[in-house]
Amino acid sequence: MDSTIPSYPTYKDFPSSGPLTPRLEALLLCNDPPSSTERHDLSNIIHTAPDILADLDRQIAYLSSQRSQISSYLHNAGTILHPIRLVPDDVLYNVFHYMYDGDSSSDTLDSSQGLWPASQTCRQWRSIIINTPRLWSRLHIHFRPLSNFQLSRTMFRLGVCLNRVRGQELDIALFSPQLLQGTPQEALMYMIIPTASYWRSLKVSFILADFICLENAQGLFTSLTTVAVEVLSGGSPILPPEVFSMTRHLVRFTAHCTGHYRPDVFTVPWEQITDLSLPSGVDEGGLVFMWRHFTNLTHLHLCCDTTNLLPLVDMPNVIHLTLVEYHSVVGALRTWFECLNVPELSSLKLIYETKSTKVPILLPLIDAKYPKLSNIELVCCVKKLEVLPELMFRTFLESVSSTLHRLKIRVNGLPPALIGNVLMERALVPALGSLDFRGTMTRDPVHSVLGICEARTGVLKTLWLNQRLSFPPGSDEEQRWERLAQNGLVAQYGPRLEPFAGRIRRTLYEDDKGEDIR
């Protein structure tokens with residue numbers, strides 16, 4: 001503080017203008033009167049202190065104003081120079097497309113989710129989002145109770161979405177856990193039905209009686225190729241209209257039925273279906289009834305829910321088969337596999353998911369009747385770690401040793417014995433060129449992975465892991481890893497999506513995504 005400005009003692013000199021601190025404390029603890037000198041000093045304080053305080057307040061206000069202004073300058077400079085301003089439009093598009101492909105359970109008409117907040121950030125973002133119809137071509141609509149005001153706003157946003165699509169093919173998902181018919185929310189259905197000719201895929205999670213809401217779209221599904229339906233329990237058991245009977249281009253169909261309903265309650269042109277998924281299972285009667293019509297089926301996903309003896313079914317064109325033993329009795333998957341005759345099978349996915357501690361029974365020997373089988377994915381989600389006996393696993397691999405090229409293993413706690421005694425043996429599955437361990441937890445991942453890769457040097461070309469392996473700098477493990485990369489091994493990293501499609505809200509068709517960081 002500049003001491004030449006005020007005519008009274010400065011803040012620095014002010015304490016010395018009154019009584020000493022010990023004397024002042026003594027006076028405060030008693031009722032004795034101060035001396036004449038002390039009285040004079042204290043009076044001087046009373047006279048000058050208000051002016052000093054006022055001066056300090058003015059300086060504090062000035063400094064506070066200066067601080068706020070400089071802080072504002074700093075913030076504005078950082079905002080103007082932020083790297084996001086230099087991001088090209090094509091990169092922003094990829095970011096927005098990732099938001100478009102994000103959480104499939106989100107509600108497109110919820111203004112707090114998805115692209116709505118991003119479109120209100122700045123003019124550049126808004127222009128990209130609004131002028132890219134593809135970003136608005138996926139509509140996920142959740143029918144929930146709404147007030148009249150909320151319904152009007154939701155209908156307005158739906159109209160905005162449909163206007164921004166501009167003739168693009170649509171991916172539609174409709175979810176209603178409660179009866180939809182006769183409710184105000186049914187008006188949303190009548191807004192999207194006229195666009196049915198642009199629908200490319202459709203996911204519906206309704207009570208059976210609510211499928212009649214799609215009746216007006218019958219005959220309009222000229223572009224529909226993929227349908228996934230989930231029939232919820234509840235409501236009256238009214239059979240749905242034949243809304244999917246005229247889908248000329250339908251090739252993928254998924255049906256998940258709860259309660260006592262069977263997938264064949266729907267009338268579907270089964271003869272043109274090439275990809276069928278029944279994650280809730282099907283009984284013997286439905287199996288025999290529908291299999292007679294699947295003349296072009298190439299992809300099949302089944303939940304195995306019984307160990308009863310099933311009739312032999314010929315599936316001459318199936319090349320991709322997924323079998324799930326899901327919360328059912330042990331051995332159901334094996335029973336179902338034995339009832340299917342799939343001579344062209346090239347890719348097999350086996351999923352064992354149980355809440356019990358029983359050991360899953362792997363398939364019997366897959367002999368020469370499957371000469372084209374080259375890709376196997378094994379998933380075991382059970383309680384205990386040592387649930388996959390070494391002998392059973394070895395026997396399973398030996399049965400396909402001559403043809404297997406790609407192997408995926410996902411086990412909750414892969415026992416070390418399976419790694420050390422089976423997969424490190426190059427003579428077992430000698431042509432194995434791709435190995436996927438994403439989703440598998442091992443007790444010593446570095447040692448196990450290095451051992452397998454070194455045992456299969458020159459043949460194993462691609463390795464998938466959850467994350468990068470951690471090596472001490474300059475360690476022997478790091479040098480071994482570098483040598484594997486020099487010999488042609490490509491390591492890719494990235495999490496796997498959940499393998500079980502028990503509910504259609506999950507991703508039905510998964511693509512491998514990862515980072516090549518050789």
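In this predicted model, the aromatic rings form eight pairs in total. One of them is the pair of Phe 96 and Trp 125, which is edge-to-face, with 5.6 Å from centre to centre and 70 degrees between the planes. This pair links distant parts of the chain, since Phe 96 belongs to helix H3 (residues 89-100) and Trp 125 to helix H5 (residues 123-130), 29 residues apart. Both Phe 96 and Trp 125 are buried.

A further pair consists of Trp 199 and Phe 221. The ring centres of Trp 199 and Phe 221 are 5.6 Å apart and the planes stand at 35 degrees, so this pair is tilted. Here too distant parts of the chain are linked: Trp 199 lies in strand S3 (residues 199-207), whereas Phe 221 lies in the loop between S3 and strand S4 (226-232), 22 residues apart. Trp 199 is buried, as is Phe 221. In addition, ring pairs join Phe 143, Phe 206 and Phe 211 into a cluster.

**Overall composition**

The protein contains 13 helices and 17 strands. Of its 518 residues, 45% are buried. Among contacts between residues at least 6 apart in sequence, 74% join residues at least 24 apart. The largest nonpolar core has 111 residues, and within this core Trp 199, Leu 214, Phe 253 and Trp 481 touch the most other members. Three of these names recur in the elements described in this report: Trp 199 in strand S3, Phe 253 through its bridge to Leu 276, and Trp 481 among the buried residues of helix H13.

**Parallel strand pairing**

Two groups of strands are considered together here. The pairings are set out in the table.

| Strand pair | Sense | Bridges |
|---|---|---|
| S4 (226-232) and S5 (residues 252-257) | parallel | six |
| S5 (residues 252-257) and S6 (residues 275-278) | parallel | three |
| S14 (residues 434-436) and S15 (residues 462-465) | parallel | three |
| S15 (residues 462-465) and S16 (residues 490-493) | parallel | four |

In the group around strand S5, the bridge partner of Val 231 is Cys 257 in S5. On the side of strand S6, Phe 253 has Leu 276 as its bridge partner. What is the extent of burial in S5? Five of the six residues of S5 are buried, so this strand is largely enclosed by the rest of the structure.

In the group around strand S15, Ser 434 has Thr 462 in S15 as its bridge partner. Leu 463 stands opposite Ala 491 in S16.

**The S15-H13-S16 unit**

Strand S15, helix H13 (residues 476-486) and strand S16 together make a right-handed β-α-β unit. Which residues of H13 are buried? They are Arg 480, Trp 481, Leu 484 and Ala 485. These four residues cover an arc of only 140 degrees around the axis, and therefore lie on the same side of H13. Just after H13, Gly 488 adopts a positive phi of about 105 degrees.

Trp 481 illustrates how this helix is connected to its surroundings. Residues up to four places away in sequence being left out, Trp 481 touches Val 449, Leu 450, Leu 463, Leu 469, Phe 471, Leu 489, Ala 491 and Tyr 493. Among these contacts are Leu 463 and Ala 491, the two residues that stand opposite each other in the pairing of S15 with S16.

**Two individual polar residues**

Ser 119 and Asn 148 provide a contrast in accessibility. Ser 119 is located in helix H4 (residues 115-119). With a relative accessible area of 1%, Ser 119 is buried, because burial requires a value under 20%. Apart from neighbours within four places in sequence, Ser 119 is in contact with Arg 126 and Ile 129. Arg 126 and Ile 129 fall in the range of helix H5 (residues 123-130), the helix that also contains Trp 125 of the edge-to-face pair.

Asn 148 lies in helix H6 (residues 148-165). Is Asn 148 buried or exposed? Its relative accessibility is 66%, and since the cut-off for exposure is over 50%, Asn 148 counts as exposed. Asn 148 and Gln 185 are 37 residues apart in sequence, while their C-alpha to C-alpha distance is 9.6 Å.

Definitions and conventions. Residues numbered from 1 in each chain as written. Predicted model: local features only at pLDDT ≥ 70, side-chain atom pairs only at ≥ 80, totals over all residues. Heavy atoms only, no water. Pairing = 2+ DSSP bridges. Right-handed = clockwise from strand over helix to strand, strands pointing away. Buried < 20%, exposed > 50% of the residue type's maximum accessible area, 1.4 Å probe, protein only. Arc of directions from axis to C-beta. Core = buried A, V, L, I, M, F, W, Y, C linked by side-chain atoms within 4.5 Å. Contact = heavy atoms within 4.5 Å. Phe/Tyr/Trp six-rings, centres within 6.5 Å; stacked < 30°, edge-to-face > 60°.
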